[in-house]
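Colleague: I'm new to reading protein structures, and I'd love to work through this one with you. Could you show it to me first?

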Amino acid sequence: MQLSNGNEKRQPIQRRAYGILRWFKVHRDYRASLPPIISRFTGYRAPEAEPPYEPLPFPPFTWLTKIPLRLEVWILGWIGAFGGILLIEAIMSTSTAFRDVYHTPTIITSFGASAVLLFGVIESPVAQPRNFVLGHFISALVGTAITRLWVLNGSYQGWLDNTEFHPSTFINGGLSMATSLLAMLITGTAHPPAGATGLNAAVQTQVVTLSWRYLPTILASSLIMLGWALIINNLGRRRYPLYWWAPGATFVCIEENPELQKAEEGEVEREEMEEGELERESTAASERLSEDSREAGERSRRLSSRVLDPERIQTGPSSLQSAIDSFPGEFSNRRLSSSRERCQSD
């Protein structure tokens, strides 16, 4: 009873929270109002469309329908990975703030693993924008924050350069990566390559030197690769992303049909009545079973009370005859005749 009361108290709170969240939702997906040539690059497809989708309606993309889908994935996957890595390297190496002010490396190596997901297995949940961008950023934030504590020891940089062996570098690497994983799991932004992002913040000398400038570097690299993935993955018969934040209509308020809602409520009531009938039937069956077991126990006790006592049976015919007369139901006629014959022979 206490549990049900607690659930009843929580239900109004949940309804109130859902009511507040509805204010932040739009009433329809505005991507449907955009021209199809633009909305497709946001991952939008018509609700009635089914994969594999139609490519861009002009050559050379219309020619993709003449080749197997697997071959299309190979071709566009190679082009996507090549272009994504090339764009990041070009921007980080040219005369920009990343090179002249931040002195960032040409590329953070963990984005090589991300390219496999964003261009090879784009349907994977860990390849969607939320996991990709936030996974890298959270891991970079956690790894940098932990490493800054170790850098307070002025000798850490020397230990990192292997000029002097010290266990601090190994402890920091494991601690940064494991804590990054924990943060991604808590926030629901798990992205496997992002584990290397948190690890680089602890063990890569050039990244440790970046300090907090590592965060904008990671964020810019993520957005560059994501923008390229939105283009290359929507040229053909595939679709990216499948969702931006979570599966389903996260930011769109689905219109409720009153008739459908009433029908669902009636269905729930009918199911509850059926469950009640099943419970009553099971209770009656268990009661009948218990009564049958009690009757069987009484019959067994009556039979056991009529069992012969071996001490009362003697070998003489008169004793055997008296025992048989005392318990007529325990012996058949055939057994009675055989017993008399054995007694007479004795």
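Colleague: Is Asn234 buried or exposed?
Modeller: Good place to start, and keep in mind that this model is predicted. Asn234 is found in the loop between helix 11 and helix 12. Its relative accessibility is 0%, and the cut-off for the buried class is under 20%. Therefore Asn234 counts as buried.

Colleague: Which residues does Asn234 touch, leaving out those up to four places away in sequence?
Modeller: Contact here asks for heavy atoms within 4.5 Å. With sequence neighbours up to four places away set aside, the partners of Asn234 are Arg40, Phe41, Gly43, Arg45, Arg239 and Tyr240.

Colleague: How many salt bridges does a search of the whole structure find?
Modeller: Let's take them one by one. Arg237 and Glu72 meet through their side chains at 2.6 Å, N to O, and Arg99 and Asp100 do so at 3.1 Å. For the whole structure, the number of salt bridges is two.

Colleague: How many residues apart in sequence are the parts that Arg237 and Glu72 tie together?
Modeller: The side chains of Arg237 and Glu72 form a salt bridge. Arg237 sits in the loop between helix 11 (214-232) and helix 12 (258-305), whereas Glu72 belongs to helix 3 (residues 69-93), so the pair ties together parts whose separation in sequence is 165 residues.

Colleague: And the other pair: how is the accessibility of Arg99 and Asp100 classed?
Modeller: Buried needs under 20% and exposed needs over 50%, with partly exposed in between. Arg99 has 37% relative accessibility, and Asp100 has 38%. Both values fall between the two cut-offs, so Arg99 and Asp100 count as partly exposed.

Colleague: Which element gives the largest share of the largest nonpolar core?
Modeller: That core has 32 residues, and Phe111, Leu118 and Tyr240 are among those with the most contacts inside it. Helix 3, helix 5 (110-120), helix 6 (129-151), helix 10 (205-210) and helix 11 each give two or more residues. The largest share is ten residues, and it comes from helix 11.

Colleague: Where is Asn172, and is it buried or exposed?
Modeller: Asn172 has its place in helix 8 (residues 168-187). Apart from residues up to four places away in sequence, it touches Ile146, Thr147, Trp150, Tyr156 and Ala202. Its relative accessible area is 0%, so Asn172 is buried.

Colleague: Within what arc do the buried residues of helix 8 fall?
Modeller: The buried residues of helix 8 are Ser168, Thr169, Asn172, Gly173, Ser176, Ser180, Ala183 and Met184. Seen down the helix axis, they line one face of helix 8, because they fall within an arc of 135°.

Colleague: Which residues are exposed on the other side of helix 8?
Modeller: An α-helix has 3.6 residues a turn, so residues three or four places apart point the same way. Away from the buried residues of helix 8, the exposed ones are Phe170, Leu185 and Ile186.

Colleague: How far does helix 8 reach from its first C-alpha to its last?
Modeller: Helix 8 has 20 residues, and 1.5 Å a residue is used for the expected reach. The reach in the model is close to that expected value, at 28 Å.

Colleague: What share of residues 133-151 is helix?
Modeller: The unreviewed UniProt entry lists 133-151 among its "transmembrane region" positions. In the model, the end C-alpha atoms of that span are 27 Å apart. Strand makes up 0% of residues 133-151, and helix makes up 100%.

Conventions
Residues numbered from 1 in each chain as written. Predicted model: local features only at pLDDT ≥ 70, side-chain atom pairs only at ≥ 80, totals over all residues. Heavy atoms only, no water. Helix = DSSP H or I, 4+ residues; strand = E, 2+ residues; numbered from the N terminus. Buried < 20%, exposed > 50% of the residue type's maximum accessible area, 1.4 Å probe, protein only. Salt bridge = Lys/Arg side-chain N within 4 Å of Asp/Glu carboxyl O. UniProt positions renumbered as here; feature names shortened; annotations may be inferred. Core = buried A, V, L, I, M, F, W, Y, C linked by side-chain atoms within 4.5 Å. Expected span 1.5 Å × (residues − 1). Arc of directions from axis to C-beta.
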